[in-house]
Structures are given as C-alpha cells and as structure tokens.
Amino acid sequence: MADKRNAAASRTGSRHRSCMAVVAVVCAVLVLLVGLLWLLRRPKEVDITIQGQQIQPQLFDQIMRQQVSDVIYEFRQRGLERVDGTYWDTVCGGETPGAYLMELTLGQLRRLVAIYDMAQATGTPLEGGVNGIFDRMEAENQGRAEKQEAGQPVYGLSEFTFQTYLEYEVDWLEKQYCADPAHPGMQVTEDEREAYYQKNLETDFKLPDGISFSYLYMDTNFMDPQQADNLTSQLRELEQAARNGQRLEEAVEQYPDLLPYFEHSDIQPDQAASHMDSMGDVLDLAYTLEPGEQSGVVEANGGVYLVQCTARTYDNYLPLDQVADSIDTALRQQRYTQMVQSKAKALKLVGDQQEVLDYVINQMRGDG
C-alpha cells in the first residue's frame, strides 16, 4: 500500500516539475517576444552624414524642433489646421508636413555644416565643429555660472539655451569671416561700392530735408484753466493774422502774452534726428508743410501749438565717403550669405531619407 502511495506521489511530482518547466519556457519566450517587440518599436537614431560628418542625433532633434512652428504656419496657410495623430503624413499641396519638416531640417543642417566648414578653412576653427556645439555651450554656461558665483559681471545672457547659443555662435562666425577682407569673397572694389551706393541712394542714404520754421508752443499742463483758455484764444487770433500773408515772427509782435512762447528753428538735414526727441510733435508737423504754409492751432498731449514753415532744402544725401564702411559691411554680409547657401547646396548628404522621414514623423507623433 505504501509503495502505491509513493509511486503516485512520484508521478504527481513529476507532472508538477514538467508543468513548471513548461511555464518557465513560456515565460522566457514571452520575455523574448516583448523585448523583440520593444526593439522593433523603438525609434532608430537618425543616421545622416553631411560632407563626411556624422550628424549627432541630438543636433538633428534640436534643429528639427526649431522648424516645427514654421511648418505648422505654412500648412495652416494651405488649409491644414488640425494638428493630430494623422497630421504629419497628411498630403496637402502635394506634400506632407512631415516631409516638409524633414527638408527644412536637412536644409538647416547643410547650412550649419557649410558655416563651420568655412570657419575651419579660414582659420577660425571651433573644437568639434558643428558636432561640438553642445560641448561648447555647456562650457560657456559653466563659465558664466562660475563668474556669477564669484560676483564677477556676466554680459548678455546668464545662461544659454541651445537656440540662443547657436544664434550667438553663428553670428560670431559670420562677423569673424566678414571682418577680414583677405577671406574669399570679402574684397570690395570702389566700383562695387559706388554701384551699391547709387542703387540704394533713395532708401538708405537720403537725409531728411533741411527745414526752417517758426512756431509757438505752450504747455498747458501747468497753467490754470483761465490762463490756458486766454492764451489759446490769442493763439487762434494770431493764426488768422498770419494767414493774411504775415510771417509768424512779425505777427506775434502784436501779442505780447504769446512772445515768450515763440521760437524759430533752422535744422540742417543731418540734425533732424537729434531734434526729434526734444520737439517731436512740432517737428513732425513742420515737415508736413511747404515754405510759406502754416498749420492750424493744434491741441495735443497737453500742448497747444502753431507752426509756420519758412524754408526747406531738398534731396540731401549722406556722402559716399561717410558711408563707405557701412556699404562694405553690407556687401560682405550679402556675399557671405550667398556663399553659405551655395556651399550648403553642394554638400554631399548620405542617409536613407525614408528612414529619416519615418523618424521625423514618429518624433512628431510622440512615439519617440
């Protein structure tokens, strides 16, 4: 009897161990499947090489996210309003927002590689080049933090974000390149300078007219109402007298109470800006008048005034020799931009664009 019980127990234990083994195998398979599914679903890091330089995934992501608002604005103009799960691969105007975002991102990355390569070629190397931006930003931020802790002055931002640091560094590289006439494309000839001057004469180098005018201005903020009303009434009488052909400076002689408020001004073309703060309203009004014309009595901003234009000189321009340096700077900046664009277009890009597009869409959907 005991032997039968032992045999039965042995068979039960054997079945139990077999079941445990099966469960263990099933669990192992499930773990393997879950891991495999996770690996399959996990977004690959973007793999892009520009002119032989492997682009950091972190850099790609930052540049991509800087373009998002432009993409949404562009497709809103096309009529695609709602940004939802299907937005980034919805065809609108012959392309999808995802593809448009990818192209903008790759274009900006090409531009950056061109800028840093030009700096390297002209003796302004930055360690790590385009892929060293994050390390240089961290070093800059650390240096600023240390200065603040030591009580030393920190100029500009106390800490850079990626976007502000990139703008700061790219702007610095442009200035370094354009400052040296020996760099390719930076030499400006006299003929080029003259041609730029003539082309932009009316928009960039024209001065305000020279103007002479007489005026009366009374600040009534500090007058009692009776005094303000009395002087304003006399000023209206003076306006009518001057309209009968008299010069304002002659007509005002008949109004002793108004004489303390009378002024005459002669402003040369290059002086107009410096007078604007002190006599803005009056000067603005004077520039609306031709010689011999006068305004009506104006009451504005607590002041009461009357203006008569007596003379104007026209067509005054800054001389070329005074603006030569600013012209050279403008021409060099134009050329630099054109050189960067041209170089960026010529750079060799290596990467599977479908994989890049899938990555962009996954990131924008939040799958990344």
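Hi everyone, let me start with a pocket: Ile63, Gln66, Gln67, Gln108, Arg111, Leu112, Gln163, Leu166, Glu167 and Val170 line the second largest one. A pocket here is an open set of points on a 1 Å grid over the protein atoms alone, with protein on both sides within 12 Å along at least five of seven lines, and lining residues have an atom within 4 Å of a point. This pocket holds about 170 Å³ of space, where a volume is the space filled by probe spheres set on the points, and points are joined across faces, edges and corners.

Before going on, please keep in mind that this is a predicted model: local features need pLDDT of at least 70, side-chain atom pairs count only at pLDDT 80 or more, and totals for chains, interfaces and linings use all residues. Residues are numbered from 1 along each chain as its sequence is written, and side-chain values use heavy atoms, with hydrogens and water left out.

Which elements give two or more residues to that lining? They are α2 (57–77), α3 and α5 (162–178); helices are DSSP runs of H or I, at least four residues, numbered from the N terminus. The largest share, four residues, comes from α5. By class, the lining has four nonpolar, four polar and two charged residues. Nonpolar means Ala, Val, Leu, Ile, Met, Phe, Trp, Tyr, Cys and Pro, charged means Asp, Glu, Lys and Arg, and the others, Gly among them, are polar.

Now the cavity, a set of points where a 1.4 Å probe fits but cannot get out. The whole structure has one of 30 Å³ or more, and about 50 Å³ of space lies in the largest cavity. Its lining includes Ile115, Met118, Leu173 and Tyr336, and α3 and α5 each supply at least two of the lining residues. No charged residues line this cavity; six nonpolar and three polar ones do.

Next, helix packing. The axes of α3 (residues 97–121) and α12 (residues 353–365) come within 9 Å and cross at roughly 110°. Axes are lines fitted to C-alpha atoms, for helices over the stretch in contact, with angles from 0 to 180 degrees between N-to-C directions. The two helices are therefore roughly perpendicular, a label for 65 to 115 degrees. Among the residues in contact (heavy atoms within 4.5 Å) are Leu101 and Leu106 of α3 and Val356 and Met364 of α12.

Finally, confidence. The chain averages a pLDDT of 88, and 88% of the residues score at least 70; pLDDT is the predictor's confidence in each residue, from 0 to 100. Over residues 22–43, pLDDT stays under 50. Where pLDDT is low, the predicted coordinates should not be read in detail. Thanks for listening!

Key
Parallel < 35°, antiparallel > 145°, perpendicular 65-115°, else oblique.
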